[in-house]
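Student: Please take a close look at one helix of this model and place it in the chain around it. I would like a connected account.

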Amino acid sequence: MELVTPSIGLVFWTLIAFLFLLLLLKKYAWKPIMSAIHDREQYIDEALNKAELAKKEMARLTAQNEDLLKEARAERDIILKEAKTLKDSIVNEAKVQAQNEGAKLIEKAKIEIENQKKAALIELKNQVSTLSLDIAERVLRNQLQDKAKQQELVTGLLKDVELN
Amino acid sequence: MDCSHVFEFKVNRLIVAFTLFLAFFAVVPSVYAQTEAVDSAVVDSANVHAEKPSSEGANGEEKFDPTAVVMEHIADSHVWHVAGNFAFPLPVILYTPSGLEVFSSGEFHHGEADHKGKYNTYRLEEEAKGQSVSQNFFNKQIKVVGADGKVDEAASAEIMDFSITKNVAAMFLTVVILLFVFTAVATAYKKREGKSPRGLQSFLEPIFVFIRDDVARPNIGHDFARFMPFLLTIFFFILINNLLGLIPIFPGGANVTGNIATTFILAIFTLIIVNVNGNKYYWRHVFAPAVPKWMYIIMIPVELIGILSRPFALMVRLFANITAGHIIVLSLISLIFIFKSLAIAPVSVAFVIFMDVLELLVAFLQAFIFTLLSALFIGMAIEEHH
């Protein structure tokens, strides 16, 4: 029966030792250990949640970037198109202007040429008349060197006047 | 992956091992009879040659009593045996009606000498002379010796033995180990706050987490954190005591958790914690169960017995498991001495190794079961019924 009869000494010391152990470990071991484990777990959970959020944010940003890129591309295309139209219009305008200018210049040149021609003609006329007068004078001089011939001429001239 | 062939193989091996084990015991009685015959023959021849008495020879033929050896090993002791004739004397603390008496158990000289203390003379003595040696061998108690040199039973009944026995010393060792280990681990947690565990800390953390997530949380519920210190302490206290008990040499070998006094106190702790924390539903279940009023005459006593029987089962389970393990291991070793043959040693050692491995499992299992059931009882007591 000794085997199943608790002895007072061991009962007493077990009580003391276990109580002592329980209180000391509770204060100096289990509290810090369990709170540390708990805190770390929470930290890990939080970190995982944050990572998940960051991933989502990242995906969102990527999508946004893509959208922006698409928009930018579209805008670029529009701008390019606009620029092309503008260029074309400018070129066309320039062409038209150049043509107009050219036409004006040609017109001016024509007028000038006409003027010059007229002036030249007048001068030519004058010169021709002078020259012909000169020639005529010389011829007359030559011819009128004798009296008969002078007479003839005057008669001829008079005849003409009468005819008029 | 299909591993069933491995399992089958192992099962077969176990079956073979157990069959051999049983076959071995079937042979024992006949072998026993033989040895006894040899013994008596030897004794006869010794008697015949009485003219040349040899005390040494007589000692050599002393009958080996396995029960005595086993019981001595599993019982408590006032000295801590180390090796050979060397044993650590432990302090004896006696509470006598006249006052406290403290002296070293070395004064008894292995029970051969009386010690004259301040108030009485004490003798290390077996409990009852009427019992056979095997029953009372381990049963050494400190008795008061009267003036006539005889044990004074009346005076002996009045003294209380608060000695630091082998079990108490082993338990103190466990307490020191636990305090040392867990304060070190706690320091590691403080130093490496928020970082991954390392070394001893990482070895123990799975156990902490296991007890929290698989023992406390499912059984106790949301308020488990309050009981974690108790559950962890009781788990590691039982575990370390179990494991130290498996070490055959000093400072192990004490049968602390295999002693009913230890398991009694542990169970008392569970009992107190369960009943102190019991809520109104728990007490209503005990004193006003949902049965017809006339049934209370039966139900209330049954429930009260239930309150006591749960920790009682805890106490007996742990005590019986650990004691049984020690008894089996020691019995197997005793076989060598029963047969007086070295040839049996390999068989014995093989089975002892098998049993030791099994005991290793039991050491963890019993610590776990005690903790689990404590958690379960606490959970039952604080459960909210909506």
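Tutor: Start with helix α8(B) in this predicted model. Of its 19 residues, 16 are buried, so α8(B) is largely enclosed by the rest of the structure. The count behind that statement is simple: a residue is called buried when 20 or more other C-beta atoms lie within 10 Å of its own. For chain B as a whole, 31% of the 386 residues count as buried.

The geometry of α8(B) is quickly described. From the first C-alpha to the last, the helix reaches 27 Å, close to the 27 Å expected for its 19 residues at 1.5 Å a residue. As background, an α-helix has 3.6 residues a turn, so residues three or four places apart point the same way.

Next comes the contact with the other chain. In total, 40 residues of chain B are in contact with 30 residues of chain A. Helix α8 (228–246) is among the elements of chain B that give two or more residues to the side touching chain A; the others are β8, α6 (166–191), α7 (200–220) and α9 (260–277). The largest share of that side, 13 residues, is supplied by α6(B). By residue class, the side of chain B that touches chain A divides into 25 nonpolar, nine polar and six charged residues.

Strand β8(B), named in that list, also belongs to an open sheet of three strands in chain B, with the order β4-β3-β8 and antiparallel pairing. The edges of the sheet are β4 (99–104) and β8 (160–161) of chain B; each has a single partner strand, so one side of each is left without a neighbour in the sheet. Between β3(B), residues 91–96, and β4(B) there are six bridges, and the two strands run antiparallel. One pairing to look up is V92(B), whose bridge partner in β4(B) is F103(B).

A further pair of residues is worth locating. I240(B) and F364(B) are 124 residues apart along the chain, yet their C-alpha atoms are separated by 9.2 Å. F364(B) is found in helix α12 of chain B, which covers residues 345–382. It counts as partly exposed because it has 16 C-beta neighbours inside 10 Å.

For the chain overall, the inventory is 12 helices and eight strands in chain B. Among the contacts in chain B with a separation of 6 or more, 61% are between residues 24 or more positions apart.

Methods: Residues are numbered from 1 along each chain as its sequence is written. Chains are lettered from A and ligands numbered from 1 in the order in which they are written. This is a predicted model: local features need pLDDT of at least 70, side-chain atom pairs count only at pLDDT 80 or more; totals for chains, interfaces and linings use all residues. Helices (H or I, at least four residues) and strands (E, at least two) are DSSP runs, numbered from the N terminus. A residue is buried if 20 or more other C-beta atoms lie within 10 Å of its own, exposed if 12 or fewer, and partly exposed in between; C-beta atoms are placed from the backbone. Two strands pair if DSSP finds at least two bridges between them. Two residues are in contact if their C-beta atoms, placed from the backbone, lie within 7 Å. Ala, Val, Leu, Ile, Met, Phe, Trp, Tyr, Cys and Pro count as nonpolar, Asp, Glu, Lys and Arg as charged, and the others, Gly among them, as polar. The expected span of a helix is 1.5 Å times one less than its number of residues.
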